[in-house]
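The following exercises concern model confidence and aromatic contacts. Each task is followed by a worked solution.

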Amino acid sequence: MRTPTTLRVLAGLALASQACLPTIARADGDGSDYSCEHAKLEAVSNLTAAGFSEATGEDTRNFAPTRIADIQHMKLDLFIPDMNKPTLTATQTLRLTPFAEMSSLTLDAKAMTINSVSAANTKAIFTYNDNKLTITFDPPLPQDQTAELITTYTLNDPPRGLIWTPESPAWPGRAAQLHTQGQPQSNSYWFPAHDFPNERMTTEIIATVPAGYLVSANGKQLSQERVIRRIPAATGPRLQPYDRFHWLQDKEHVAYLVSLIVGKFDVVDLATLATKSKDKNKSTLPLPVYVPPGRAIDVARTYANTGPMIDLFASKLDEPYPWDRYAQLVAWNFEAGGMENTSATTMYDTAVFSEQGDLDNDLDGLIAHELAHQWFGDLITCNTWEHIWLNEGFATYMEAIWFEQRDGEAGYQREVLNDFDRVLSSDSGRAPSEPGMASKVYAHPWETFRRSANPYPKGAMTLHMLRERMGEELFWQCMQAYVERSKFTTVETSEFRRVLEDVSGLSLEQFFEQWTARPGLPEINVKFTYFPDRNKLRFVVQQMQAIDGDNPAFAFTLPVFIKNTAGPDVIIDPEITNARQVFEVDLEGPPAFVSVNSRAQVLGKFTIEQSPEQWTKQLENAPTSIARVFAARNLATLATTDAIADATANQVLRNLALDASQPMFVRTAAIKSLEGRNAKNDIRSLVTTSREAWEIRQQISQSLAALVTRSENTSDQSLRDFATTILLQRAATDQSQRVRAESMKALATMRVNEATPIFLNALQTSSQHDIIRQGALAALAIAQPQGAIEAVIPYTREGYLSRTRAEAISSLAKLASQNPTRAKDALLAALQGRENRPRMAAARALVDLGDKSAITNLATLATELRSPELAAQLQTMQRELEAK
Ligand SMILES: [Zn+2]
């Protein structure tokens, strides 16, 4: 079969240039472990939801719940008598209008004590089952008549939603704090709500807290005043000073975006900083950043790009920033990276950089992500969790848009390749029955955030593919039209598609079905052969994934760049619709190389059959940075029998690694490729070059360790000695904390005994995110030196960052054979406390130890946590332990 192809000859400019802007260092972890994937706290792999019940035949897919009334406004009046006692009393006023005559209303309200419910001109009688609050009205509330429902209630240390961190002797000097986390459906742990995203309302929070604490909520602060309250005490009532804060969010948003934070902070307004410096015509939008006391000095270096990002997104989307302020608040014990509460994003506890930490950390990805949610997520909200990619995919893609502006084309390509890789690696763990990205099939809302069809990168790639297909101008016209049409509403995927179709004229139903609804990816094999007698280059494109009636072949345009040995470059973009397609291109001579999918325009697993010599040529003359990385990766596993060709490939890779004009992700890919090719001498030679960037030093550390470990059988003592010297030095003294951490892990992998004192010393070293300490904990678990267990145990206890504690707990499990009793005691102790991350890590560690007597401890923990999400994870762990 032959498919018509379009052939156009390039003037050699559009794709030939390589962006030469220097890339700015970006920490590896920023996109993954610190993104707002709040559900990533503990990975759950076995998502078992099905679309119907085997037993009853019931349709168990998730549809948006019915709204009985339109809720317009919520006023919450909260009183917190003591920040060290996790209780509060509240009065909630809901203004609502029934869609029809309303005799009863059910709200989500979890783990509360409901004291009273009342409404004017009717008798309101409530029942409460610890999960739902049902109110019956006698007489019923009339249709279309606005009513006010007043509920008073008490919270006593809610298990979710409102996370309370009292003062602790383990943290001397740290003030008590609380923050809330509503997504996906946890805000109903602290106020009664229609706790689903298909309802928008304005909100108002009045919070009275002990004097000296600050309160942040959504929108603008209307007032702050000192009040005196009479407080009961053992010796009789006492008068005590309180501060009463009044916050108003006067534009509608959904329940999960309501935020409350109470604590002691340094607050720095970035807008004021900008005005003071040079930008005289900056807007008056307040941009406060709340950080732990004493850290004001670090705010500007960490958050400086917030203002420019707001300007960029507002102009790209042709929609001004929607809210009254943009606050970013660094909160203790926050489980995720960031959470985009309307006008007030919550950030993780170490999201403010010291001067040292700033050397190898970059918060811009997270800042851009959460900021983009203020449009995609807050201004426009997914109507059900099925459509979460309309929030997360868009926010992830806007990160790439920011880096495109900051770092140029190379920055954009780095982000796109990162998303492309994440989609592929996430999909590789897919169970056959797992649903696609936008699907109603899930047992818990949080599953939609962590599917194998990961809505973060896959949603971002969907937008990238649309932009590639439509071109710059049309794509942004579409995005602007979508924002204009959807703002202040909740949306589904089809609504986004319809806007695109209206604006572009394109038929996109197949595209959306393929990339957003359907599970799995195409597996594309491309072979090409040159026929000199006919001057033809023949392509065979084959889709290797299973194809049947339910899963037809994917349809896409395949971008192919042909580097000609004679004549100009050729670009073709055949339409692929069949499982196997053959097409031919006229070519004057054999191609130097063929680069397929050079800008990752097609999301799929590609196998391109090309010789090592051709890959080497692609490496040198690739049309894009992404194509250069693809070449490096292919060369990692391809050696020829031709020593000269191999040496040439290594030389080109080495040159790339050293070329400071290349983007960092290309340079590190080149080093990784040399590692794959076992090119020991080339990697050794890289070490001696001066002025390496920290990313290069880090990659070299990892690659050296990998080479040494691989060559253990051949006992290459010279390489081992060389690597040991370099890594010992880097682990102890490298300027970059990340390089120190990586070098420690590398030494541990190599079983270098002399490194143990460095690990032990590093345990006591403070660093950004505690990365050095965490590196040492991981290294000790790998190296298993005598007595390591005793060194690790203190870090499992309260008084260290919760991520550090989790790392220590996981290390402890690996060191348990050194002293099983001590290990078990420490893990049981770590099940206690107020920090969920170490508690869950301890549960996991007990399962790994395989001691069945811990089953009851896991059951107790599930009861104590009172959280359905965590209980589900603990049940899975219990089953796993029982089966051991
Ligand atoms: Zn997000």
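**Exercise 1. Confidence**

Task: State the mean pLDDT of the protein chain in this predicted model, and find the stretch where the pLDDT is below 50.

Solution. The protein chain has a mean pLDDT of 92, and 93% of its residues reach 70 or more. The pLDDT is below 50 over residues 1-46, a stretch that has 121 contacts in the model beyond near neighbours in sequence. Where pLDDT is low, predicted coordinates should not be read in detail.

**Exercise 2. Aromatic pairs**

Task: Classify the ring pair of Trp 385 and Phe 449, and locate both residues in the chain.

Solution. A search of the whole structure yields 30 aromatic pairs. For Trp 385 and Phe 449, the ring centres are 5.8 Å apart and the planes stand at 45°; the pair is therefore tilted. Trp 385 lies in the loop between β21 (380-382) and α5 (389-407), while Phe 449 lies in the loop between α6 (409-427) and α7 (455-470), 64 residues apart. Trp 385 is buried because its relative accessibility is 0%. Phe 449, with a relative accessible area of 2%, is also buried.

Task: Repeat the analysis for Phe 561 and Phe 593.

Solution. The ring centres of Phe 561 and Phe 593 are 6.1 Å apart with planes at 35°, so this pair is tilted. Phe 561 belongs to strand β26 (residues 560-564) and Phe 593 to strand β30 (residues 591-596), 32 residues apart. Both Phe 561 and Phe 593 are buried.

**Exercise 3. Charges over rings**

Task: Which rings lie beneath Arg 174 and Arg 534?

Solution. Arg 174 lies over the face of Trp 332, 4.7 Å from the ring centre. The charged end of Arg 534 sits over the ring of Phe 531, at 4.9 Å from its centre.

Notes: Residues are numbered from 1 along each chain as its sequence is written. This is a predicted model: local features need pLDDT of at least 70, side-chain atom pairs count only at pLDDT 80 or more; totals for chains, interfaces and linings use all residues. Side-chain values use heavy atoms; hydrogens and water are left out. pLDDT is the predictor's confidence in each residue, from 0 to 100. Contact means heavy atoms within 4.5 Å. Rings of Phe, Tyr and Trp (its six-membered ring) pair if their centres lie within 6.5 Å; planes under 30 degrees apart count as stacked, over 60 as edge-to-face and the rest as tilted. Helices (H or I, at least four residues) and strands (E, at least two) are DSSP runs, numbered from the N terminus. Buried means under 20% relative accessible area, exposed over 50%, partly exposed in between (1.4 Å probe, protein chains only). A charge sits over a ring if NZ of Lys or CZ of Arg is within 6 Å of the ring centre and within 35 degrees of the ring normal.
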